[in-house]
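Please open the structure in a viewer and keep the selection tool at hand. The tour proceeds from one selection to the next and states what is found at each stop.

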Amino acid sequence: MDFKEIHFDEIDSTSTYIKNNFDKIDQFTFVSASYQSCGRGRNSRVWVSNKNENLMFSFSIKDESLFKLYKNISLLSSYILAVTINEFFGVKKTSIKWPNDVYIDGFKIGGILLESHMLDDKIDGIIIGIGVNLNQIVFPSDFKYPVSSLKLIFGETIDIQQFKKIFFNNILKYFIKLKENSFIDYITFARENNYLKDKEVYATINNFKKKVKVLDINDDCSLKMLIDNNTISIFSGEITFH
């Protein structure tokens with residue numbers, strides 16, 4: 001399966017590039033960069049990545065039948081990254097931190113950021129930005145969570161182009177399955193490899209932070225948790241350990 005790619009040696013943000021050129025870029029055209037000067041994570045955080053060491057890219061979803069499944073896409077994207085890593089190394093080591101991070105051995109390896117694209121006050125697509133730590137071995141010390149790379153975990157330098165090809169093809173394959181309503185076992189995978197399961201964490205919902213215990217991931221991709229002896233489910237929110 002072939003994919004289209006636009007690659008930059010350096011850019012401010014691949015997601016910003018797609019946002020500014022949304023009508024000119026076809027769906028599933030992958031915009032990647034060797035370095036992003038203003039890479040973004042969730043809640044306006046900066047995604048830190050050394051040049052030529054990791055994989056950073058974005059792509060857009062314009063098909064209404066797909067972007068209406070917004071609540072599923074973050075978890076599906078995490079699943080695709082997780083299974084790509086497992087496939088690349090022939091192991092089963094990945095876990096998913098709901099709804100958009102992939103962890104190995106307690107370390108964050110990659111993250112996904114979804115942004116809506118608006119036209120006349122209506123959503124006409126979404127932009128998916130993904131960062132994966134491949135070969136970086138030194139990270140800033142002020143992260144709020146433990147972070148690592150595939151090179152540090154598996155002890156070998158990752159061929160970025162090879163990993164990219166497998167990952168991009170998997171994205172195409174699974175999103176086509178989602179569009180065609182074909183079965184994808186990503187919710188079961190997320191449940192069985194739920195990094196947050198049975199952990200006591202903090203959930204920030206509507207700017208209110210509360211200590212909770214994570215119970216499960218529901219069929220609708222929401223997160224089930226116990227808060228003040230009550231069971232609730234959320235579709236969005238910030239989950240932290242402190």
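Helices and strands are here DSSP runs numbered from the N terminus, a helix having at least four residues and a strand at least two. The model is a predicted one.

**Stop 1: backbone geometry**

Most residues other than glycine have a negative phi, and most peptide bonds are trans. Begin with the departures from this pattern. Select Trp98 and Pro99: the peptide bond from Trp98 to Pro99 is cis, with omega near -5°. Pro99 belongs to the loop between strand E4 (94-97) and strand E5 (101-104).

Continue to Asp105, in the loop that separates E5 from strand E6 (107-119). Asp105 is not a glycine, yet its phi is positive, at about 50°. Is Asp105 buried or exposed? Its relative accessibility is 52%, so Asp105 counts as exposed, the cut-off being over 50%.

Next, select Asn181, in the loop between helix H5 (160-179) and helix H6 (186-192). Asn181, also not a glycine, has a positive phi of about 65°. With 72% relative accessibility, Asn181 counts as exposed.

**Stop 2: the nonpolar cores**

Select Phe59, Tyr79, Ile128, Phe163, Phe167 and Phe175. Of the 61 residues in the largest nonpolar core, these six touch the most other members. Helix H3 (residues 70-89) gives the most to this core, contributing eleven residues.

Now centre the view on Phe163. Which residues is Phe163 in contact with, leaving aside its neighbours within four places in sequence? They are Leu55, Leu81, Thr84, Ile85, Phe88, Val132, Leu134, Leu150 and Ile158. Apart from the largest core lies another, of five residues, including Ile18, Phe22, Ile25 and Ile127.

**Stop 3: a surface patch**

Select Ile137, Val138 and Leu152, which make a nonpolar surface patch of about 290 Å². Leu152 is located in helix H4 (residues 150-154). The relative accessible area of Leu152 is 44%, so Leu152 is partly exposed.

**Stop 4: two hairpins**

Display strand E8 (residues 200-205) and strand E9 (residues 208-217), which run antiparallel and are joined by six bridges. Glu200 has Lys213 in E9 as its bridge partner. Two residues lie between the strands of this hairpin, where Asn206 takes a positive phi near 55°.

Then add strand E10 (residues 223-227), which pairs with E9 in the antiparallel sense over four bridges. Ile217 stands opposite Leu223 in E10. The hairpin of E9 and E10 has five residues between its strands, and Cys221 in the turn has a positive phi of about 75°.

**Stop 5: salt bridges**

Side chains of opposite charge can pair when their charged atoms come close. The whole structure holds eleven salt bridges. Select Lys68 and Glu64, whose side chains meet in one of them (3.2 Å, N to O). Lys68 is exposed, with 61% relative accessible area, whereas Glu64, at 44% relative accessibility, is partly exposed.

Move on to Asp101 and Lys108, which form a salt bridge whose closest N and O atoms are 3.4 Å apart. Both Asp101 and Lys108 are buried.

Finish with Asp219 and Arg191, whose side chains meet in a salt bridge (2.4 Å, N to O). This pair links distant parts of the chain, 28 residues apart: Asp219 lies in the loop between E9 and E10, and Arg191 in helix H6. Asp219 is exposed, with a relative accessible area of 58%, while Arg191 is partly exposed at 26%. Add Asp216 to the selection: salt bridges that share partners join Arg191, Asp216 and Asp219 into one network.

Note on methods:
Residues are numbered from 1 along each chain as its sequence is written. This is a predicted model: local features need pLDDT of at least 70, side-chain atom pairs count only at pLDDT 80 or more; totals for chains, interfaces and linings use all residues. Side-chain values use heavy atoms; hydrogens and water are left out. Buried means under 20% relative accessible area, exposed over 50%, partly exposed in between (1.4 Å probe, protein chains only). A nonpolar core is a set of buried Ala, Val, Leu, Ile, Met, Phe, Trp, Tyr and Cys residues joined through side-chain atoms within 4.5 Å. Contact means heavy atoms within 4.5 Å. Patches are made of residues with over 30% relative accessible area and no salt bridge: like charges are joined within 9 Å, nonpolar side chains (Val, Leu, Ile, Met, Phe, Trp, Tyr) within 5 Å. Accessible areas come from the Shrake-Rupley method with a 1.4 Å probe; for residues, only the protein chains shown count as cover. A salt bridge is a side-chain nitrogen of Lys or Arg within 4 Å of a carboxyl oxygen of Asp or Glu. Two strands pair if DSSP finds at least two bridges between them.
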